Amino acid sequence: DMDEDYLQAVLKLCQPKARSLDSLSELCDYFFIDTYKMDAKAGEKIAKKADPKALLTELVPVFEGLNAFDADAIQAALENHANAQEVKVFAYFPALRYALSGRAGGPDLLPMLAVLGRETVLKRIQSFIGWFYLGSFIPIALLLNWQSEQLPYLILEMSEAKEKPIDFIRQMVAADVAAGKHDGRVQTRFP
């Protein structure tokens, strides 16, 4: 059974953006599922402006350190972090929205984070970071022979992918990161 308060919060957040009742489910599906479809064009556009992996990696400790996880606390923490990094707070928003929803647009971002909750936000950010492969945008689906619709991914120019074949160790590391093994950390041991 779905939590009634959560459902009401999602509907309140998504309703202003919905054009019809039919579009509502598509607009807010990522609030209820973790395997939402990623908009590849949005991912490409976001990646051209900044490194989403680097931006989101910065935000993990910011979100972990919050006592309250509401829109006001999130906004204050993001603004403090952005000021410390000498960037505008909005520099983080496209990558953050994309990692959490797979889209470039949607309901207001900060209330969206609050409704999703800290645990979901952190899990999705860490998973998204894991889908980046050594700074490239290789869809993990290519590495694991999964259909791209089954999990979020970013696109790498195929010419770049062909120039650098993926060895079995990197494939195993990517699979472990995607599966969430070792809390998203890469653990290695060399003789």
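Is Arg124 buried or exposed? Keep that one in mind for a minute; I'll get there by way of the salt bridges. One caution up front: this is a predicted model.

Okay, so the search over the whole structure turns up three salt bridges. Let's begin with Asp29 and Arg103, where the closest N and O atoms sit 2.6 Å apart. These two come from distant parts of the chain, 74 residues apart. Asp29 is in the loop between helix H2 and helix H3, and Arg103 is in the loop between helix H6 and helix H7. Asp29 counts as partly exposed, because its relative accessibility is 23%.

Stay with those two residues, since they turn up again at a pocket. Asp29 and Arg103 are among the residues nearest the centre of the second largest pocket, along with Ser23, Glu26 and Leu27. That pocket has a volume of about 280 Å³, and 15 residues line it. By class, the lining has seven charged, five nonpolar and three polar residues.

Now over to Asp34, which is in the loop between H2 and H3. It forms a salt bridge with Lys123 of helix H8, with 2.8 Å between the closest N and O atoms. Asp34 also meets Arg124 in a salt bridge, at 3.0 Å from N to O. Arg124 is in helix H8 too, 90 residues away from Asp34. So Asp34, Lys123 and Arg124 are linked in a network of salt bridges.

And back to my opening question. Arg124 is buried, because its relative accessibility is 5%. Lys123 is partly exposed at 40%, and Asp34 is partly exposed at 40% as well.

Conventions. Residues are numbered from 1 along each chain as its sequence is written. This is a predicted model: local features need pLDDT of at least 70, side-chain atom pairs count only at pLDDT 80 or more; totals for chains, interfaces and linings use all residues. Side-chain values use heavy atoms; hydrogens and water are left out. On a 1 Å grid over the protein atoms alone, a cavity is a set of points where a 1.4 Å probe fits but cannot get out, and a pocket is an open set with protein on both sides within 12 Å along at least five of seven lines; lining residues have an atom within 4 Å of a point. Grid points are joined across faces, edges and corners, and a volume is the space filled by probe spheres set on the points. Ala, Val, Leu, Ile, Met, Phe, Trp, Tyr, Cys and Pro count as nonpolar, Asp, Glu, Lys and Arg as charged, and the others, Gly among them, as polar. A salt bridge is a side-chain nitrogen of Lys or Arg within 4 Å of a carboxyl oxygen of Asp or Glu. Helices (H or I, at least four residues) and strands (E, at least two) are DSSP runs, numbered from the N terminus. Buried means under 20% relative accessible area, exposed over 50%, partly exposed in between (1.4 Å probe, protein chains only).
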